[in-house]
Amino acid sequence: MRVATNSYTGEMLDQFSSLVAQQDNLQSQASTGLAVQAPSDNPAAMETSLDDIAQQARQTQYSANISALQSRGDTIYSTLESLQTIVSSASEITTSVGSADTNSTSLANYADQVNSLINQVVSAANAKDPATGQYLFGGTASGTPPYTTTTDANGDVTAVTYNGNGSVNQSAIGEGQTLSVDIPGVNTSGSGPRGLITDSQSGADLLNHLISLRNDLQSGDTTAITGTDAANLQKDENNITYQVANNGVAQTQLTTAATAATSNSQTLNTMISSASSANLVNTMVELNSAQTAYQAALESGSKIMQLSILNYIS
Amino acid sequence: MLGLFSTLNLASRSLQAQMTGVEVAGQNLANVNTTGYSRQTVQITASPDANTPIGPEGTGADATSIQQAVDAILNGQIQSQNTTSGYWNGQQSALQDAQNALDEFLSGSSSTSSTSSTDSTDTTGTGLSSQLNSFFSAFSALASSNSYTNQQAAVTAAQSLATTFNNLGTQFGQVNTALNQSLTQDVSSANQLLTNIASLNQEISNSESSGNPNDLLDAREQDLENLSQLTNITTSTGTGGTVNVTIGGQTLVSGDTVSDTLQTYDPGNGNLLVQTASGGVNLTLTGGSMQGTIDARDGTLATLQNSVNTLASTVITQVNNVQNSGYNSTGGTGNTFFTGTNAATMAVNSALTGNPALIQISASATAGDDTSLALQISQLATATQSGLNNQTFNDSYDATVAGLGDALSNANNQVTDQTTVSNLLATQRSSISGVNVDEEMTNLMTYQRAYEASAQLVTTVNTMLGDTINMVSGSAA
């Protein structure tokens, strides 16, 4: 075919432009590690990657929520341990009263001990989450401490008032999964999460039971102490044991959810990479090929451009 | 027998013919790099024989015409191809602008391990998808802990989301304006080309009687090809070598007259279209960059704008439905979360940006630390929305992004394909009409040698005439 002189230059410029664009694209892939950067690069891969990135963002947030819940759960567990100790101490007093001769002095001493235990329970029930400063056992009510007390002239607690409610907040820990480690102070509805201090399902009412015990100790009603009071404290102990077990179950669920979130995140990362990442080996080989082709085009082009009949006529 | 003077005349005409050949070769060499130039060839034909007693005798040669090396069918194919290329170039340019406006790209850094095909880590989106993820994550964190820090983070994430929507609304508006301007410029260019073509028609018509106006024909062909890139044109041959031009069924150039021009008009929605200026006939264009721009603007870009606006309004409605039903930490109500109705107008209520604690995420007026509504808002991330074809917010947006990607990818492929076809046609035409320096230099030498030979003939005849005159003078003496 007949070839016009400026066909060389036009075609060469097109070829150079194409090869430079190819090298630019491959260099960009090598430097970013991404074969897909813009929607037009690979629309289907872009859609998949964006969807996977959204899922991965949720998994990251689930992990953060789980971490916060684990920390909160640990704090609650420490409080539950304290309450277990307190209830055990109170139960020991009822046992001591029932197993030995007691006089008014010893009963008064026991009453003082129970007063101390009552104050310890109030303090524990008003505990805050050190991470957020929020009350742990006030349900979802806010503003005031969950428990306020009424005292007599001697400073003994005669009544307690619960300022919270029976609800707890749920946190997302997985796709469609929510969990709460919180325990309301009181639940008298018979449904929902059991109350820590007062719970109608289990019959627990720790503070009022301790007040009754103290009153019975002060009045010397040993029958009530060894009978009603001991039985009530057993209900309180059972309730706290239930809460400890429940906390353990929640911690196990959180551990499982944390593992799942990490695993899901890794899987999604692999899927995102599979959809959008450049194969560096292939990219570098293709880049070398493109560079070689570019050099060859430059050299051959420059040689062709130098040749003309003008070199041979004089 | 011709005789010496006739032979001298023969040599003189031969010199002129070869000189014309040299001039044409020089003209070709001078225009070796001229865009649209078609190489010319001189036609040298033998002069009519003279009848002599011994039979017909040659009378030399004359340069009878200078012709262009042109393939009219190929030129027609190139015009048609230009219309197709122009259409896809218009689409590509518009959609590239839309993709840049959307600003949804993947970013990440490669790991140093070079053996795996899945090395990239921390790949993230850069646009609205990222803001949607941050928004729902912030509410998930708020549901987990109703602290002031988390309230502030949720409001800040909402502000970022609204700002991103606002930017998209602004960017799409700017792209729309730019495409209207591009269309107006194309119309202006087309009108200039129509004027040029009519003017060239007149010059060609005037020059036809004195030979082929080759350079004028080249210039007109170039204008026709430029016009065909802008829109689909139909041409027909008129009297005196003129070409009539029809666009969208309306004849705009008839002979040497521009019977009508083009102008843009607003059909009422701000998206300009094209009509004839005098006749006011609305044109249905079928190709070229004008229609490519119109189709991209009224098709993919409009769909993109609608999708983003629908997404924004759905986010506004759904989040407000939840938040507005709740109470803030002190039991207060009355603060809507998002204001506005679409991407351009979406904003976070200034009362909340001023005091994030006013956010209403409690389902009870007496439960100030209740975060159940924050949890509900965070769960909207995975909830399908009837207003989004039963897709989630992210799925709907991702599909919108992919739709734009598909359209631009298709336009890119079409441009690549059409460029290949255009290059092939250009190469084919170049092989017919393009100037080859080697060829022209060879022609130059050919005509030069022939000129030298003819000059030698003049010298020879001159010598013979001198001899004859001397012979006559000598016998007279």
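**Entry 1: the chain A hairpin**

I started with strand β3 (residues 171-174) of chain A and strand β4 (residues 177-179) of chain A, which pair in the antiparallel sense over 3 bridges. The model I am reading is predicted. I looked up a partner and found that S171(A) stands opposite L179(A) in β4(A). I then checked the link: β3(A) and β4(A) form a hairpin with 2 residues between them. In that turn I noted G176(A), with a positive phi of about 75°.

**Entry 2: the small sheet of chain A**

I moved on to the open sheet of 3 strands in chain A, whose order is β5-β6-β7. Its pairing is mixed. Which strands lie at the edges? I found β5 (186-187) and β7 (204-205) of chain A there, each pairing on one side only. I took strand β6 (residues 198-199) of chain A next and saw that β6(A) and β7(A) pair in the antiparallel sense over 2 bridges. For the register I noted that T198(A) stands opposite D205(A) in β7(A).

**Entry 3: α4 against α5, chain A**

I turned to two helices, α4 (residues 206-219) of chain A and α5 (residues 222-276) of chain A. Their axes come within 10 Å and cross at roughly 160°. Angles over 145 degrees count as roughly antiparallel, and α4(A) and α5(A) are therefore roughly antiparallel to each other. I logged the hand too: α4(A) passes α5(A) in a left-handed crossing.

Which residues make the contact? From α4(A) I listed L206(A), H209(A), S212(A), L213(A), D216(A) and L217(A). From α5(A) I listed A224(A), I225(A), D229(A), N232(A), L233(A) and D236(A). I sorted the residues of this contact by class and got 6 nonpolar, 3 polar and 3 charged.

**Entry 4: α2 against α3, chain A**

I looked next at helix α2 (residues 43-99) of chain A and helix α3 (residues 104-125) of chain A. Their axes come within 10 Å, and the crossing is at roughly 160°. α2(A) and α3(A) are therefore roughly antiparallel to each other. I recorded a left-handed crossing where α2(A) passes α3(A).

On the α2(A) side, I wrote down T79(A), S82(A), L83(A), I86(A), S89(A), A90(A), I93(A) and V97(A) as making the contact. The α3(A) side is made by Y110(A), Q113(A), V114(A), L117(A), Q120(A), V121(A) and A124(A). How many residues of each class does the contact of α2(A) with α3(A) have? I got 10 nonpolar, 5 polar and no charged residues.

**Entry 5: domains of chain A**

I read the domain assignment of chain A. It gives domain 1 (52-269) and domain 2 (279-314). I noted that the C-alpha centres of domain 1 of chain A and domain 2 of chain A lie 80 Å apart.

**Entry 6: domains of chain B**

I did likewise for chain B. Here the assignment gives domain 1 (4-69 + 437-471) and domain 2 (78-104 + 125-423). Taken over C-alpha atoms, 64 Å separate the centres of domain 1 of chain B and domain 2 of chain B. Their contact takes 9 residues from domain 1 of chain B and 6 residues from domain 2 of chain B.

I asked which element gives the largest share of the side of domain 1 of chain B that touches domain 2 of chain B. The answer was strand β4 (residues 61-68) of chain B, with 4 residues. By class I found 2 nonpolar, 7 polar and no charged residues on that side of domain 1 of chain B.

**Entry 7: the sheet of chain B**

I opened the 4-stranded sheet of chain B. This open sheet has the order β7-β8-β9-β10, with antiparallel pairing. Its edge strands are β7 (233-237) and β10 (257-258) of chain B, each pairing on one side only. I followed β7(B) to strand β8 (residues 243-247) of chain B: the two pair in the antiparallel sense over 5 bridges. I checked S236(B) and found its bridge partner in β8(B) to be N244(B).

**Entry 8: chain A meets chain B**

I finished on the contact between the chains. It takes 64 residues from chain B and 60 residues from chain A. On the side of chain B that touches chain A, the elements giving two or more residues are β5 (106-109), β6 (121-125), α3 (128-144), α8 (372-379), α9 (393-433) and α10 (437-476) of chain B. Which element gives the most to that side? I found α9(B), with 16 residues. By class, I noted 16 nonpolar, 40 polar and 8 charged residues on the side of chain B that touches chain A.

Terms used. Residues numbered from 1 in each chain as written. Chains lettered and ligands numbered in written order. Predicted model: local features only at pLDDT ≥ 70, side-chain atom pairs only at ≥ 80, totals over all residues. Contact = placed C-beta atoms within 7 Å. Nonpolar A, V, L, I, M, F, W, Y, C, P; charged D, E, K, R; others polar. Domains from an automatic or database assignment. Axes fitted to C-alpha atoms, helices over the stretch in contact; angles between N-to-C directions. Parallel < 35°, antiparallel > 145°, perpendicular 65-115°, else oblique. Left-handed = near helix turned anticlockwise from the far one by under 90°. Pairing = 2+ DSSP bridges.
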